[in-house]
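Dear colleague,

I am handing over the structure we spoke about, and it is placed just below. After it come my notes, in an order that I hope lets you follow them with the model open.

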Amino acid sequence: MLSTDFVTGSPNWLDLGSPDTAGSAEFYGRVFGWDVQPAGPDTGGYAFFQQDGKDVAALGPLTEEGASPAWTVYFQTPDADATVKAAEQAGGTVRVPPADVMDAGRLACLTDPGGAEFSLWQPGAVKGLERVCEPDTLLWVELHSADPAAAAAFYHSLFGWGTEEKEFSTGMYTLISTAGSSGPDAPFGGIAPAPDEGEGDGEGRRSRWIPYFLVTDTDVTVTKAQESGGSVIAPAVDVPDVGRIAWLADQFGAVFGVIKPLPREA
């Protein structure tokens, strides 16, 4: 499971690149009830999505040339420069080289060999998200890849992730967990095959990371998203042993998932 006890390789930050940050703030405020707190005058319009004053995600304008609206998952590293070198040696590419963000930490933005974008966060004053695995916060991260085995090998070379193959009704799935963790609560995300060309509506064919937010009612959240200008990428469906899941996009096209998990066994 995700937690705020961050270790190497765990998702520790999440932000949204938007062409209209005010519009995005309004959308996610309606869907998840999030408030927005500006990060300060020297941060280029960056802001924090908050729940009860706790950071649950972040928001900023698009800064990379040619960038599309999207959520970006950050993974913890004790040394961003060393992880970037490892990524390049394993076939990844660097979009934004390591750079200090004042005293908050050090970041880098990468693309894996399959084309999925992700980022690194080496904590400074900002350790990471302050609330996860609660209603309307981040619960799970998922990579869609044309070659799940190669993707798993790439990220293992960076973070030492452990993997476990599991078959669900939707097909084979690779559970991922941080190095040395074990047990049923160890996985924080998964890797799934991207649909073949010609399947689906086109949204699922890209290699990319998707954040899933925990909700108390998947169908109600889908309706809120539609009423707020968003769209449904994959309608709500019950996945045995998992919960009720839907894929959505905000009004600018940034894709995310929502899930009402099945009750955990005592």
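In which loop does aspartate 52 lie? The model is a predicted one, and in it aspartate 52 belongs to the loop between strand 3 (47-51) and strand 4. Its phi is near 55 degrees, a positive value in a residue other than glycine, and aspartate 52 is exposed, with a relative accessible area of 64%. Aspartate 136, in the loop between strand 8 and strand 9 (138-145), has a phi near 65 degrees, again a positive value in a residue other than glycine. Most residues other than glycine have a negative phi, and I would ask you to look at these two loops with that in mind.

The first sheet

One open sheet has 8 strands in the order 2-3-4-1-5-8-7-6, and its pairing is mixed. Strand 2 (35-38) and strand 6 stand at its edges with a single partner strand each, so that one side of each is left without a neighbour in the sheet. On average, neighbouring strands of this sheet are turned by 30 degrees against each other, if direction is ignored.

Within this sheet, strand 1 pairs with strand 5 in the antiparallel sense over 6 bridges, and proline 11 has phenylalanine 75 in strand 5 as its bridge partner. Strand 1 is also joined to strand 4 by 4 bridges, and these two strands run parallel; here the bridge partner of leucine 16 is leucine 59 in strand 4. As 8 of the 8 residues of strand 1 are buried, this strand is largely enclosed by the rest of the structure.

Towards the edge formed by strand 6, strand 6 and strand 7 run antiparallel and are joined by 6 bridges, with glycine 105 in strand 7 as the bridge partner of valine 101. Serine 119, which is found in strand 8, is buried, with a relative accessible area of 1%. Once its neighbours within four places in sequence are left aside, serine 119 is in contact with Thr72, Val73, Tyr74, Phe75, Ala108 and Cys109.

The second sheet

What is the strand order of the other open sheet of 8 strands, whose pairing is mixed? The order is 10-11-12-9-13-16-15-14, and the edge strands are strand 10 (162-168) and strand 14 (231-239), each of which pairs on one side only. The twist from one strand to the next averages 25 degrees in this sheet.

Strand 13 is paired with strand 9 in the antiparallel sense over 6 bridges, and phenylalanine 213 in strand 13 is the bridge partner of leucine 138. Strand 13 is joined to strand 16 by 3 bridges, the two running parallel, and tyrosine 212 stands opposite glycine 257 in strand 16. Because 7 of the 7 residues of strand 13 are buried, this strand is largely enclosed by the rest of the structure. Both of its faces are covered, with Arg208, Ile210, Tyr212 and Leu214 buried on one side and Trp209, Pro211 and Phe213 buried on the other.

At the edge, strand 14 and strand 15 (residues 243-249) pair in the antiparallel sense over 6 bridges, and valine 237 has isoleucine 245 in strand 15 as its bridge partner. Helix 4 (residues 218-227) packs on the sheet and touches strand 14, strand 15 and strand 16 (255-261), its direction making about 10 degrees with that of strand 15.

Helix 3 and the two sheets

Helix 3 (residues 148-159) lies across strand 5 and strand 8, running at about 15 degrees to strand 8. Helix 3 also lies across strand 9, strand 10, strand 12 (189-193) and strand 13, where it runs at about 145 degrees to strand 12.

The second largest pocket

The second largest pocket has a volume of about 1200 Å³ and is lined by 47 residues, of which Asp15, Tyr46, Thr63, Thr72 and Tyr74 lie nearest its centre. Among the elements that give two or more residues to this lining are strand 1 (11-18), strand 5 (70-76), strand 8 (117-123) and strand 13 (208-214). The lining residues divide into 27 nonpolar, 12 polar and 8 charged.

With kind regards

Conventions:
Residues are numbered from 1 along each chain as its sequence is written. This is a predicted model: local features need pLDDT of at least 70, side-chain atom pairs count only at pLDDT 80 or more; totals for chains, interfaces and linings use all residues. Side-chain values use heavy atoms; hydrogens and water are left out. On a 1 Å grid over the protein atoms alone, a cavity is a set of points where a 1.4 Å probe fits but cannot get out, and a pocket is an open set with protein on both sides within 12 Å along at least five of seven lines; lining residues have an atom within 4 Å of a point. Grid points are joined across faces, edges and corners, and a volume is the space filled by probe spheres set on the points. Ala, Val, Leu, Ile, Met, Phe, Trp, Tyr, Cys and Pro count as nonpolar, Asp, Glu, Lys and Arg as charged, and the others, Gly among them, as polar. Two strands pair if DSSP finds at least two bridges between them. Axes are lines fitted to C-alpha atoms, for helices over the stretch in contact, and angles run from 0 to 180 degrees between N-to-C directions. Contact means heavy atoms within 4.5 Å. Buried means under 20% relative accessible area, exposed over 50%, partly exposed in between (1.4 Å probe, protein chains only).
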